[in-house]
Amino acid sequence: MSSISVEDRVILALDVSSSEQALSIVDRFSSMVNTFKVGLELFTAEGPGIIEKIHQRSKKVFLDLKFHDIPNTVARAAVQATRLGVHMFNLHASGGMEMMKRATEAVVETCLKENLSRPKILAVTVLTSISDEEFRKEMGYQHSIRTHVKHLANMAAEAGLDGVVASGYEVSLIRKKMGEAFIIVTPGIRPTWMPPDDQKRKVTPKEAIRLGADYLVLGRAVLGQKDPEKALELIRLEILSA
Ligand code: C5P
């Protein structure tokens with residue numbers, strides 16, 4: 001297990017629809033969490049202003065918009081994410097090698113020209129909500145999710161990305177193949193005391209860390225609970241004991 005602090009390991013998903021709700025979560029968990037995730041719902045509702053407000057509170061932002069478009073469009077969006085000063089953002093590895101390379105190059109060039117710090121760029125592999133059965137039957141792949149994720153993680157590394165978003169089911173495989181420096185962010189975290197919801201490839205906080213994840217995305221495991229502070233405290237203890 002690497003030496004990342006528990007406050008850094010936890011990324012809290014601001015899956016709400018207003019700045020007001022989001023900032024009250026940031027303030028409430030500020031002493032326990034350093035990075036907050038702004039995803040599709042909040043960003044669509046509130047735009048980039050919410051990122052600035054989180055930064056004003058000296059917290060880091062993971063911009064989870066999962067870019068997936070033609071290389072030119074994704075590269076241009078990646079430049080805008082960089083200018084927002086986010087700590088991390090992501091794009092879909094299935095958008096292809098050229099898309100990932102162009103985005104990385106555009107980010108590096110912008111950082112040099114505008115003297116900005118370079119955000120970590122992560123590739124989404126296969127969503128944690130997809131089961132092996134859906135992957136084969138609906139999406140038509142002949143191989144397993146594990147094989148596919150391994151392939152996408154390799155592509156992401158070759159394109160110069162910093163790491164991947166992957167389920168706990170594939171973490172150890174990626175860690176073995178890509179080494180310690182490659183960042184692995186794992187969503188689909190479900191402690192034993194909560195139901196899976198729509199997450200199919202889920203793991204507990206302890207399992208995710210033991211398997212080699214660097215960061216855990218927590219959504220409903222904290223904010224969907226009756227006592228969110230207690231839920232987060234239990235998860236923090238699980239991480240510390242992993
Ligand atoms: O509530 P729950 O823990 O399922 O939330 C997971 C969060 O992580 C959501 O904000 C979701 O968008 C995000 N996420 C995910 N799977 C990925 C990438 C991000 O569930 N592959």
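## A nonpolar patch on the surface

Let's start on the outside: Trp193, Leu234, Leu237 and Leu240 make up a nonpolar surface patch, and together they have about 390 Å² of accessible area. Keep in mind that this is a predicted model.

One member of the patch, Leu234, sits in helix α12, which covers residues 228–240. Its relative accessibility is 38%, so Leu234 counts as partly exposed; the partly exposed class runs between the 20% and 50% cut-offs.

## Thr110 in helix α6

Now for a residue in another helix. Thr110 belongs to helix α6, made of residues 97–114. Is Thr110 buried or exposed? With just 7% relative accessibility, Thr110 counts as buried, because anything under 20% falls in that class.

As for its company, Thr110 touches Val79, Arg83, Asn115 and Leu116, leaving aside residues up to four places away in sequence.

## Around the ligand

How many residues surround the ligand? There are 14, and the closest are Asp15, Lys37, Arg190, Gln199 and Arg220.

Some polar side-chain atoms are worth a look here. Asp15 places one 2.7 Å from an oxygen atom of the ligand, and Lys37 likewise has one 2.7 Å from a ligand oxygen atom. Thr128 brings in a nitrogen atom of the ligand, with a polar side-chain atom 3.1 Å from it. Taken alone, the ligand exposes 470 Å², and the protein buries 87% of that.

Note on methods: Residues are numbered from 1 along each chain as its sequence is written. This is a predicted model: local features need pLDDT of at least 70, side-chain atom pairs count only at pLDDT 80 or more; totals for chains, interfaces and linings use all residues. Side-chain values use heavy atoms; hydrogens and water are left out. Patches are made of residues with over 30% relative accessible area and no salt bridge: like charges are joined within 9 Å, nonpolar side chains (Val, Leu, Ile, Met, Phe, Trp, Tyr) within 5 Å. Accessible areas come from the Shrake-Rupley method with a 1.4 Å probe; for residues, only the protein chains shown count as cover. A salt bridge is a side-chain nitrogen of Lys or Arg within 4 Å of a carboxyl oxygen of Asp or Glu. Helices (H or I, at least four residues) and strands (E, at least two) are DSSP runs, numbered from the N terminus. Buried means under 20% relative accessible area, exposed over 50%, partly exposed in between (1.4 Å probe, protein chains only). Contact means heavy atoms within 4.5 Å. A residue is near a molecule or strand if one of its heavy atoms lies within 4 Å of it. A polar contact is a pair of N or O atoms within 3.5 Å; within protein, one must be able to donate a hydrogen and the other to accept it, and residues adjacent in sequence count only if both atoms are side-chain atoms.
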